Amino acid sequence: MSPMLRVELAQSEGALTRLIGLVERRGYSIRALDMTPGADGAATAMITVDPRNAGRRIETLERQIERLFDVIAVSAMPDAHAIAATSQGGMGCRPRA
Amino acid sequence: MTALPVIQTAPTAPEEAPSLTGAQWVVRTLEELGVTRIFGYPGGAIMPVYDALVGSSLKHILVRHEQAAAFAADAEARVTGKAGVCLATSGPGATNLLTGIANAYMDSVPMVILTGQVPSGLMGTDAFQEVDVFGMSLPVVKHSVIVRDPAEVSATITEAFQIAESGRPGPVLIDLPKDVLQAEVPSRVSLRPRSDAGPSRASDADINAAMALLASAKKPVLYMGGGVAMAGATQAVRDFMARTGVPTVATLKGLGVSHPDAQNFLGMLGMHGGRAANMAVQESDLLIACGVRFDDRATGKLDGFAPDARIIHIDADSAELGKLRSADVAIAGGLADTLGRMDPGYLDIAPWRDLCAARKVEHAFDYNAPGSGVFAPGLLKQLSEAAGDKFIAACDVGQHQMWVAQHCRFARPEAHLTSGGLGAMGYGLPAGIGAAMADPDAQVITVTGDGSIMMNIQELATARRYGVPVKILLLDNSSLGLVRQWQEYFFDQNFSEIDLYDNPDFAEVARAFGIEAFTVHSREDVPDAIERLLAARGPILAHVLIDPRENVWPLVPPGKTNTDMMED
C-alpha cells in the first residue's frame, strides 16, 4: 500500500527540489514521480511514496507540504496504487524494474 | 501575531522611483521596513551592499564570525518579536550562517538572512566562493529565494519579512547574485504581499468538545511550550491558569509564560524536569497541550508519555497536530482566542490540585550543598532573583543551560533565550550581544560554560567594540560537563574527549579583549560577584570555577519514560 500525493505547485526556482527534499527527509522514499505542467506557471506533481518508518501518517506529510509557499494545493490518497509515468507532456520517473 | 491584510497578489505596475542599484534597494527597503540593526560580515559577493550601507540609517554590527551574526539576529528576534536580520557574503560566509539559520528554524524564530552570491552567469560553474546556499538551506528555512531580477529585490525583501513573522515564524533566506546587486534599475516591482488572514478561529464545536473533556477530567494538566509566546498568548495562558487552577507544566521554551510562584505552576517537565511536573503529567487524565510539539526532550519515551491522558492540542501549525501524538480535540487556531473561550466554570479537581501542590513542595530543590565551592544552581537562583524583572538569560548549551532552566526565575518567556531545538553550543555570547542591543535596559546575562564559550569567544571583540552591556557568567568545570555526565551514567564511565584540562585563564582572555573580568573561587564570593556583574555598565565577564563532578538532576535516561527519573 503506497500512499500518493497530488501536489499543485508554482513552478518557481527550487520549488520541486524543496518539495521532494521535504518528502524524503520527513521519512518517505519516493517510488514514482510524475509532473505535468499546467496553466499560469503552475504544475501538478503526482508522487507515490513509501514510509520508511512505521507510524508515519500521510496526513502529517500532507500538512507539512501545505506549509510550503510554492504549494498551491495538496491532497493525499492513502490507498492509491503506484502510478505509471505519463508518455506525453510529463516528466515521468519510475524505479528501475 | 498581527494578521496581514488580505489583498490581491498580482504584481502592480512598476513604481516610480529613483534609479537605484539592487544593493541600494536592499538598504532602502530595510530602512523603509523599520529595520534599525543588521548583524553581518563583508566579503566579495556582498560588497555592493556594504558599499550602499555607508551613510545609511541602518546600524551594521560587525561580528567576527558569520555564525555569530545569525545567533545575534536570532536573539534580537526572540526579545523583540520582530525578524532579526543578518548578512554575509557567498561561499564560506553563507555556510557559516547555516548553524544559526538551523537554530532559528528549530525554534521557530523570525529571521531574514541576506547572502551574497557569485554573478548569475557564474552560478553552477564552481566559481570562487560559490556554494549553493539556497540548496543547502532548504531543510532549515521557512522559505528562500534567489533574486534574479534587480527590480524584484525590494518586493522580495518585503515579502520575506512577512513570511518570517507570520503564522509559525521562521527564517527566510534571500540569495543575491552580485550582478543583481550591481545592476541599476529605474523602478521596482511592488508585488503585493501574499494574503494572510491570521490564525483561524476554533469552531464552536471544537471549543465545546474541549470544554466537555475539561469538565469531566479529574486530573487535567496544562502542558505549554514555545508556541505560547509566539502566538501572543502569554496573558491568555496566565488568565486560564488563574481561572481554572489547572496544574501546569512548561517545556524549556515555555518557561516564563507562567509566573514562577503561581501555585499551580509545577515547573519544567521532561528529561531534566522536576519530579512534581513529571509525575503530574504521567498521572494526568487530560493534557491541554498549548503551543507544544511533543518533543522527545519533554516527553521521554513517547509511547509511555501521559499514558492515560486524553489530549486537547492547540497550535498555530496544523502540521504539528497529530504528528507525534493523536489528539482527541485538535485545534489549529489562535491560542489566545481559544483559551479565552474555554471557561468551564467550576472544575472538580481540588484533590488533584492539592496533590500536585504538595508534591511541588515535597520535591522542591534543596540548595543546601556541602562544601565551600560555588554551587551553580544556587548562584543562578540568586542571580536571577537579584536581577528581578529585568533579567534576561542568553544561554549556551550544556549543564549550565539546564541549571538556568531549573533554577532561574523568568518574568516573561522573552527573558529566556536558549537554543532549544538545535542545542547549538556557541549561541550564548552572540545571543547575549543581540539581546543586550535589542533591550539595553535589561540585565542580559550570558550564561555559558568553558566548552561553549570557546565556540564563539571571538565575539568578545564585538562586545567590546560596541560597548555592549552583556554580563558573561562563565561556569568553568574544565570539562564538557553534560557529555561527561552521560558517559558517567550510560557509557560505564568510559570518558572520551570531555576533559578540558588545558583551558586558558578566561579572565585573562577577556582582559586581553579589553573586557573587565574577574574570577570567583568560593561560595562566599558569590554575593559580591553578583553585585559586581549587575552593576557593570559595559561588558563584563565573571569566570566562576565549579566542581567538575557536579551533575544535573533529575535526569530521565534515554529511552525511558518520565517517571524513571534518576536523582542525586
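A contact here means heavy atoms within 4.5 Å. The exercises below concern a predicted model.

**Exercise 1.** Determine which residues Arg511(B) touches beyond its sequence neighbours, and classify its exposure.

*Solution.* Step 1: locate the residue. Arg511(B) belongs to helix H20 of chain B, which covers residues 506–512. Step 2: apply the contact criterion. With residues up to four places away in sequence set aside, Arg511(B) touches Ala517(B) and Phe518(B). Step 3: compare accessibility with the cut-offs. Partly exposed lies between 20% and 50% relative accessible area; Arg511(B) has 44% relative accessibility and therefore counts as partly exposed. Step 4: add a C-alpha distance. Leu460(B), 51 residues away in sequence, has its C-alpha 9.7 Å from that of Arg511(B).

**Exercise 2.** Establish whether Gly100(B) is buried or exposed, and describe its surroundings.

*Solution.* Step 1: Gly100(B) sits in helix H4 of chain B, residues 92–106. Step 2: the relative accessibility of Gly100(B) is 0%, so this residue counts as buried. Step 3: excluding neighbours within four places in sequence, the contacts of Gly100(B) are Ala70(B), Phe71(B) and Met111(B). Step 4: Pro171(B) is 71 residues from Gly100(B) along the chain, and their C-alpha atoms are 9.6 Å apart.

**Exercise 3.** Describe the largest nonpolar core and state which helix gives the most to it.

*Solution.* Step 1: the largest nonpolar core comprises 141 residues. Step 2: the residues with the most contacts inside this core are Ile101(B), Tyr223(B), Leu287(B), Ile312(B), Met342(B), Leu473(B) and Val544(B). Helix H3 of chain B (residues 66–80) gives the most to this core, with 9 residues. Step 3: examine Ile312(B). Beyond four places in sequence, Ile312(B) touches residues including Ala210(B), Leu213(B), Leu286(B), Leu287(B), Val329(B) and Met342(B). Step 4: another core, of 34 residues, lies apart from the largest one and has Leu58(B), Ala83(B), Leu87(B) and Val185(B) among its members. As a general background, nonpolar side chains tend to be buried together in soluble globular proteins.

**Exercise 4.** Characterise the lining of the largest cavity by residue and by element.

*Solution.* Step 1: the structure holds 1 cavity of 30 Å³ or more, and the volume of the largest cavity is about 30 Å³. Step 2: the lining consists of Leu379(B), Leu473(B), Val526(B), Ala529(B), Ile530(B), Leu533(B), Ala542(B) and Val544(B). Step 3: assign elements. Helix H21 (526–535) and strand E20 (540–545) of chain B each supply at least two lining residues, and H21(B) gives the most, with 4 residues. Step 4: by residue class, the lining has 8 nonpolar, no polar and no charged residues. Leu473(B) and Val544(B), which line this cavity, are also among the residues with the most contacts inside the largest nonpolar core.

**Exercise 5.** Summarise the fold of chain A and its contact with chain B.

*Solution.* Step 1: chain A has 2 helices and 5 strands, in the sequence order β-α-β-β-α-β-β. Step 2: chain A has 97 residues, of which 39% count as buried. Step 3: among contacts in chain A with a separation of 6 or more, 71% join residues 24 or more positions apart. Step 4: the contact between the chains takes 19 residues from chain B and 13 residues from chain A. Together the two chains bury about 1400 Å², with 48% of this area on carbon and sulfur atoms. On the chain B side, Leu138(B), His143(B) and Ala319(B) lose the most area to chain A, together 31% of what that side buries.

Key. Residues are numbered from 1 along each chain as its sequence is written. Chains are lettered from A and ligands numbered from 1 in the order in which they are written. This is a predicted model: local features need pLDDT of at least 70, side-chain atom pairs count only at pLDDT 80 or more; totals for chains, interfaces and linings use all residues. Side-chain values use heavy atoms; hydrogens and water are left out. Buried means under 20% relative accessible area, exposed over 50%, partly exposed in between (1.4 Å probe, protein chains only). A nonpolar core is a set of buried Ala, Val, Leu, Ile, Met, Phe, Trp, Tyr and Cys residues joined through side-chain atoms within 4.5 Å. On a 1 Å grid over the protein atoms alone, a cavity is a set of points where a 1.4 Å probe fits but cannot get out, and a pocket is an open set with protein on both sides within 12 Å along at least five of seven lines; lining residues have an atom within 4 Å of a point. Grid points are joined across faces, edges and corners, and a volume is the space filled by probe spheres set on the points. Ala, Val, Leu, Ile, Met, Phe, Trp, Tyr, Cys and Pro count as nonpolar, Asp, Glu, Lys and Arg as charged, and the others, Gly among them, as polar. Buried area is the accessible area (1.4 Å probe) that two parts lose on being put together, summed over both.
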